[in-house]
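Student: I have a model open and want to test its labels against their cut-offs. Can we go through them one by one?

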Amino acid sequence: MIFAGLLGLLVGSFSNVLIWRLPRGENIAFPPSHCPNCDHRLGVIDLVPVFSWLSLGGKCRYCRAPIKARYPVVELLTGIGYAAIAALFPPLTVGWGALGLMVLFTLLLVGSAIDLDTYTIPDELTLPGVALGVLFGVLNGRAGVEGLPDLAGAVQGALLGAGVVVAINQFGSWVLRRFRERSFPEFPIGYQQISLGLLAGAWLGPWWGAVVGLLSALVNVAARRVIRIPELLTLGGLLVSVMLGSAGYGPGMILMVQGALAAAGAVSLACGVYWWLHWRRHREDDGAADDTQVDASAMGFGDVKLAAVIGAFLGWERLLLALVVAVFAGAIFGVAQLALRSENRVKFGPFLALGAVVALLWGGALIGSYREMLGL
């Protein structure tokens, strides 16, 4: 536990590097650590977690510019978080699973800090995070770790995590637009394909539903334009499908909802990978003009991909608990802002991360108590 805490302090120092450099598109390894104000390279004595900041009075040794208090806070939180994980999930017992939870804790903390600063959660953090969650699922399955997802559970958790959040986004956006169609759907893949995946997944299951959504993108590529699919057909059709499922038609309501969400999650992750590569290519192309029209709210769905990360590492049950905690915490914070007449936008990422930490540390006990209450 002490070793885990010390490791957390060191990782927290590196987390501060990620928080600063990822949003700016900088290399996380080169150049070495330096003061962001005077660019002076920092020595070993300047990089001791927490203690360097305290000994320097929160100022740079070379130019005396203030250093944000966030730096020691991130280091301390990471140290405490790693120690708590080691206490609840002993590495000698849980093995790779404990290391995976520490990785998840770091991803959540870094993503939250960046979201608070920039209102974005970088794809460079979330998309590799999903892959890491699936990798640790493989390791958990081989080691027979109980309480953490194996490969199948990690994949299911990732798809359902992305699917739940993107479905809320789809229907919420549709209602806010008063059921009008989007001004212009993304080419070749975007929210239109996600909506189609929702409908197809309800009837065909998650994988065939995802195939239908991706085939729609291929049709757009072949036609060299967007072939519109009305949301009244896809989102409205999903609502009708769920009603039919509850009446005993088709696979049944529960399987239809699961299939729809998982298919939408798969398509949304494919969207995330495509647009990540797309924008990286255009950023690196010496400022080449990009005439692709993209909705201002499109493809930035960092919360969707963060939910996929949480589901991959924790499984679908703890993911749902994380979402419940996040919604309640966000609602309380939003009401408080209204009472104070604050105009600051509410970022959902930090609340989602908070819910994930609650699910990580106490999810097993909370889910067990809920099952007992229901007599399961």
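Tutor: We take cysteines, then annotated segments, then one helix pair. Keep in mind that this model is predicted.

Student: How do you know that cysteine 35 is in no disulfide?

Tutor: A disulfide needs two cysteine sulfurs within 2.5 Å. By this rule the count is 0 disulfides. For cysteine 35, the nearest cysteine sulfur belongs to cysteine 60 and lies 3.7 Å away. Cysteine 63 is in no disulfide either, with the sulfur of cysteine 38 nearest, at 3.7 Å.

Student: What makes cysteine 35 buried?

Tutor: Buried means under 20% relative accessible area. Cysteine 35 has 6%, so it counts as buried.

Student: Why is cysteine 63 called partly exposed?

Tutor: That class runs between 20% and 50%. Cysteine 63 has 27%, so it is partly exposed.

Student: Which residues does UniProt list as "transmembrane region"?

Tutor: The unreviewed entry lists several ranges, including 126–145 and 157–176. In the model, residues 126–145 are 90% helix and 0% strand, with end C-alpha atoms 24 Å apart. Residues 157–176 are 100% helix and 0% strand, and their end C-alpha atoms are 28 Å apart.

Student: What makes α5 roughly antiparallel to α12?

Tutor: Helix α5 (residues 96–118) packs on helix α12 (residues 302–314) at about 165°, with axes 10 Å apart. Angles over 145 degrees count as roughly antiparallel, so α5 and α12 get that label. Their crossing is left-handed.

Student: Which residues make the contact?

Tutor: Among them are Gly100, Leu104 and Asp115 of α5, and Asp303, Ile310 and Phe313 of α12.

Definitions and conventions
Residues numbered from 1 in each chain as written. Predicted model: local features only at pLDDT ≥ 70, side-chain atom pairs only at ≥ 80, totals over all residues. Heavy atoms only, no water. Buried < 20%, exposed > 50% of the residue type's maximum accessible area, 1.4 Å probe, protein only. UniProt positions renumbered as here; feature names shortened; annotations may be inferred. Helix = DSSP H or I, 4+ residues; strand = E, 2+ residues; numbered from the N terminus. Axes fitted to C-alpha atoms, helices over the stretch in contact; angles between N-to-C directions. Parallel < 35°, antiparallel > 145°, perpendicular 65-115°, else oblique. Left-handed = near helix turned anticlockwise from the far one by under 90°. Contact = heavy atoms within 4.5 Å.
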